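The exercises below are meant to be worked through with the sequence and the model side by side. Try each task before reading its solution.

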Amino acid sequence: MIFLKSFLVGGVICAIVQIFIDKTKLTPGRIMVGLVCLGVILGAIGIYEPFSKWAGCGATVPLIGFGNNLWKGMKEAIAESGVLGLFKGGFTSSAVGISGALILGYLASLIFKPKMK
């Protein structure tokens with residue numbers, strides 16, 4: 001049942017984003033930044049954590065989950081290092097995910113030989 005719930009929640013998030021792309025003049029980049037910021041805000045006010053526990057990966061995989069991950073890293077780093085944690089917390093909490101995306105993207109470009117437009 002958790003798989004169905006995750007699929008439905010992730011699908012609803014993606015459908016809402018697609019509606020924003022189709023119905024507004026916002027660029028996809030601005031919408032993605034907005035999703036990350038929304039994840040940070042929802043994490044900071046305490047709404048995102050119970051939602052992600054209920055929805056599973058359907059809530060943590062989209063960009064909103066990345067924003068929440070940044071917030072959690074900053075919160076922990078601020079508790080350890082004070083104000084300096086504002087600058088280093090997001091990097092340390094998201095380094096593995098960003099590195100994985102870069103490495104796998106590079107490997108995919110070697111395998112599939114993309115063409116520049």
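Throughout, a residue is called buried under 20% relative accessible area, exposed over 50%, and partly exposed in between, with a 1.4 Å probe and protein chains only. This is a predicted model, in which local features need pLDDT of at least 70, side-chain atom pairs count only at pLDDT 80 or more, and totals for chains, interfaces and linings use all residues. Residues are numbered from 1 along each chain as its sequence is written, and side-chain values use heavy atoms, with hydrogens and water left out.

**Exercise 1. Confidence and overall make-up**

Task: State the mean pLDDT of the protein, and describe its secondary structure.

Solution. Begin with pLDDT, the predictor's confidence in each residue, from 0 to 100. The mean for the protein is 87, and 98% of its residues reach 70 or more. Among the elements, helix α1 (residues 2-23) has the highest mean, 91, and helix α4 (residues 57-60) the lowest, 84. As a caution for reading any model, predicted coordinates should not be read in detail where pLDDT is low.

Next, count the elements, where helices (H or I, at least four residues) and strands (E, at least two) are DSSP runs numbered from the N terminus. The protein has six helices and zero strands, and its C-alpha atoms fill a box of roughly 45 × 35 × 35 Å along the principal axes. Of its 117 residues, 24% count as buried.

**Exercise 2. Helix α5 and its surroundings**

Task: Compare the span of helix α5 with the expected one, and find which helices its buried residues pack against.

Solution. The expected span of a helix is 1.5 Å times one less than its number of residues. Helix α5 (residues 63-81) has 19 residues and reaches 27 Å from its first C-alpha to its last, close to the 27 Å expected. Just after this helix, Gly82 takes a positive phi of about 75°.

Now turn to the side of α5 that is covered: its buried residues are Ile64, Gly65, Gly67, Asn68, Leu70, Gly73 and Ala77. Taking contact to mean heavy atoms within 4.5 Å, these buried residues pack against α1, α2 (28-44), α3 (48-55), α4 and α6.

**Exercise 3. The salt bridge**

Task: Which residue forms a salt bridge with Glu49, and which helices does the pair tie together?

Solution. A salt bridge is a side-chain nitrogen of Lys or Arg within 4 Å of a carboxyl oxygen of Asp or Glu. The structure holds one, formed by Glu49 and Lys72, whose closest N and O atoms are 4.0 Å apart. Glu49 lies in helix α3 and Lys72 in helix α5, so the pair ties together parts that are 23 residues apart in sequence. As for exposure, Glu49 is partly exposed at a relative accessible area of 32%, and Lys72 also counts as partly exposed, at 35%.

**Exercise 4. Residues along helix α6**

Task: Decide whether Gly90, Thr92, Ser94 and Tyr106 are buried or exposed, and find what Gly90 and Ser94 touch.

Solution. Place the residues before judging them: helix α6 (residues 85-112) contains Tyr106, and Gly90, Thr92 and Ser94 lie in helix α6 as well.

Take Gly90, which is buried because its relative accessible area is 10%. Not counting residues up to four places away in sequence, Gly90 touches Leu70, Gly73 and Met74. Ser94 is likewise buried, with a value of 4%, and, with the same neighbours in sequence left out, touches Phe66, Asn69 and Leu70.

Thr92, by contrast, is exposed, with a relative accessible area of 60%. The C-alpha atoms of Thr92 and Leu70 are separated by 8.7 Å, although these residues are 22 places apart along the chain.

Finally, Tyr106 is exposed at 53% and belongs to a nonpolar surface patch together with Ile103, Leu104, Leu107, Leu110, Ile111 and Phe112, with about 800 Å² of accessible area together. Patches are made of residues with over 30% relative accessible area and no salt bridge, with like charges joined within 9 Å and nonpolar side chains (Val, Leu, Ile, Met, Phe, Trp, Tyr) within 5 Å. Accessible areas come from the Shrake-Rupley method with a 1.4 Å probe, and for residues only the protein chains shown count as cover.
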